[in-house]
Amino acid sequence: MATATAAGAPPGPAASRPRKSVTGTRKTVAVLFLLPALVLLGALVVYPIGYSVVRSFGTNSGHGFAGLDNYKTVFTDDGILTALKNNVIWVVFAPTVSTALGLIFAVLTERVRWGTAFKLVVFMPMAISMLAAGIIFRLVYDQDPGKGVANAVWVSVHDSFAQSSAFPMAHPGRRSPLVAQGGGFVTKDVVHAGRPVALPLVGVAPDKMPGGAKRAAAAQAEPGKVTGTTWQDFTRGKGVGRLGAPDPSELGYPGMRIEAVKDGKVVASAKAAGDGTFTLPAAADGARLRLPAANFREPYNGVQWLGPALVTPAIIGSYVWMWAGFAMVLIAAGLAGVPRELLEAARVDGANEWQVFRRVTVPLLAPVLAVVTVTLMINVLKVFDLVYIIAPGSSQDDANVLALELYRRGFAEGQPGVASAIAVFLLLLVIPVMLFNIRRLRREVRR
């Protein structure tokens with residue numbers, strides 16, 4: 001009887017102790033495993049955030065309480081407001097363009113045999129640090145077309161439609177028959193048929209003369225026509241050369257345009273040959289000869305990519321170059337999970353490829369596109385390296401962003417209080433985006 005009662009009795013406190021002991025041991029082991037990570041998290045994240053918050057209410061010297069003065073500076077200082085405006089531009093355009101390009105690349109590379117190689121090339125910039133990418137694009141955007149790839153291409157395209165002058169520095173020398181007028185030059189006196197005209201110029205270095213330049217020749221008189229020579233009259237001194245007359249060592253100005261002007265109207269025109277000689281018809285008799293300003297137009301030097309107007313779009317372009325590959329890889333992974341039956345069903349129903357892409361592919365990829373866009377938004381809020389390296393000193397204020405302004409205030413201008421306020425403000429900007437991402441991920445897990 002006693003044995004039965006003991007066997008059927010509920011377990012007492014002594015029976016439950018081992019289970020509690022095991023549970024407590026497991027918790028202790030878990031805490032010990034997590035402790036190094038928690039210490040690092042506290043030292044590298046929690047403590048800096050807390051210190052920045054406290055420091056943002058202090059004076060720049062660190063020995064007093066400034067209240068909200070630092071935060072007032074954040075919202076009233078022109079430099080910080082410019083940085084905030086640029087951050088808005090970054091958040092709107094950089095993630096959008098990167099995601100759009102990633103989507104296009106991911107969809108198109110599914111249909112080509114060399115899609116894997118293309119993805120590798122597009123993703124390769126991700127292996128480059130921001131510092132290296134900044135140096136690369138500082139060279140790409142160099143103003144000199146001989147160094148900067150962007151301007152080399154731009155100038156080549158421009159010069160295909162509007163050739164620059166070969167004589168931008170040419171001008172009349174001593175005792176010249178030419179005088180300046182409207183960016184060009186015109187003869188002091190009228191010219192007459194049968195009397196060769198000399199139009200000497202100086203100012204073009206011998207190594208800068210066009211390839212078609214030949215030894216200058218004196219023009220021969222022709223009845224009923226106005227002839228002449230335009231050349232580089234650089235020789236000086238007795239026994240060295242004659243001033244105002246072509247010498248054997250001097251070159252003509254090939255392609256130089258000469259116009260005959262009467263009463264403000266061009267009545268005839270011609271272009272100089274390789275030796276500088278030209279011939280005008282009888283209509284030029286009694287006119288004044290003009291070398292128009294187009295002959296002396298400065299060479300087109302391209303676009304000032306890193307000037308105040310374009311520096312921010314130019315830097316965003318370098319960011320897109322780096323991160324479009326990241327977006328492409330994530331979107332391609334999502335695209336691999338899209339049911340092909342849905343795409344084929346849409347095609348069977350008569351949808352063209354654009355309709356399939358817009359009405360089927362994009363909606364199915366919406367969760368992935370949201371992840372990529374939000375991730376890039378968080379990333380661009382902290383952008384610093386590219387702006388600091390690419391933007392020259394003259395344009396850095398125009399390209400300024402909050403992370404760069406934080407660095408400048410804290411380390412260059414000795415204003416750690418204002419820098420801490422900017423850091424807290426950046427944290428507040430990032431938190432809503434992070435919460436949105438966390439909620440979205442939790443919804444995905446529940447599904």
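In this predicted model, W154 is partly exposed, with a relative accessible area of 42%. That value lies above the 20% limit for burial and below the 50% limit for exposure, so the residue falls in between. W154 pairs with W305 in an edge-to-face arrangement. The ring centres are 5.9 Å apart, and the planes make an angle of 85°. The two partners come from distant parts of the chain, 151 residues apart. W154 belongs to helix 7 (residues 149-161), whereas W305 sits in the loop between strand 8 (288-291) and helix 8. Both tryptophans also belong to one aromatic cluster, together with F137, Y141 and W321. In total, the structure holds 19 aromatic pairs.

A second edge-to-face pair joins F185 and F296. Here the centres are 5.0 Å apart and the planes stand at 80°. F185 lies in strand 2 (residues 184-187) and F296 in the loop between strand 8 and helix 8, so the contact ties together parts 111 residues apart in sequence. F185 counts as buried, at 10% relative accessibility. F296 is buried as well, with a relative accessible area of 8%.

In soluble globular proteins, nonpolar side chains tend to be buried together. The largest nonpolar core of the model comprises 49 residues. W90, Y141, I315, Y319 and I331 have the most contacts inside this core. Six elements give two or more residues to the core: helix 4 (78-108), helix 6 (130-140), helix 8 (311-336), helix 9 (340-348), helix 10 (353-381) and helix 11 (385-390). Helix 8 provides the largest share, 15 residues. I315 illustrates the packing. Beyond its neighbours within four places in sequence, I315 is in contact with W90, L386, V387, I390, A391 and A399. Another core lies apart from the largest one. This other core has 26 residues, among them V197, V204, V226 and Y253.

Three strands form an open sheet of mixed pairing, in the order 3-4-7. Strand 3 (197-201) and strand 7 (277-280) stand at the edges. Each has a single partner strand, so one side of each is left without a neighbour in the sheet. Neighbouring strands are turned by 20° against each other on average, direction ignored. Strand 4 (residues 226-232) pairs with strand 7 in the antiparallel sense, over four bridges. Within this part of the sheet, V226 stands opposite L280 of strand 7.

The loop between strand 4 and strand 5 (257-262) contains D233. Despite its acidic side chain, D233 is buried, with a relative accessible area of 3%. Leaving aside its neighbours within four places in sequence, D233 is in contact with P200, L201, V202, R242, L243, G244, A245 and E250.

Helix 3 (residues 69-76) has buried residues N70, Y71 and V74. Seen down the helix axis, the buried residues of helix 3 fall within an arc of 100°, so they line one face. An α-helix has 3.6 residues a turn, so residues three or four places apart point the same way. K72 and T76 are exposed on the other side of helix 3.

Note on methods. Residues are numbered from 1 along each chain as its sequence is written. This is a predicted model: local features need pLDDT of at least 70, side-chain atom pairs count only at pLDDT 80 or more; totals for chains, interfaces and linings use all residues. Side-chain values use heavy atoms; hydrogens and water are left out. A nonpolar core is a set of buried Ala, Val, Leu, Ile, Met, Phe, Trp, Tyr and Cys residues joined through side-chain atoms within 4.5 Å. Buried means under 20% relative accessible area, exposed over 50%, partly exposed in between (1.4 Å probe, protein chains only). Contact means heavy atoms within 4.5 Å. Rings of Phe, Tyr and Trp (its six-membered ring) pair if their centres lie within 6.5 Å; planes under 30 degrees apart count as stacked, over 60 as edge-to-face and the rest as tilted. Two strands pair if DSSP finds at least two bridges between them. Axes are lines fitted to C-alpha atoms, for helices over the stretch in contact, and angles run from 0 to 180 degrees between N-to-C directions. The arc is that of the directions from the helix axis to the C-beta atoms.
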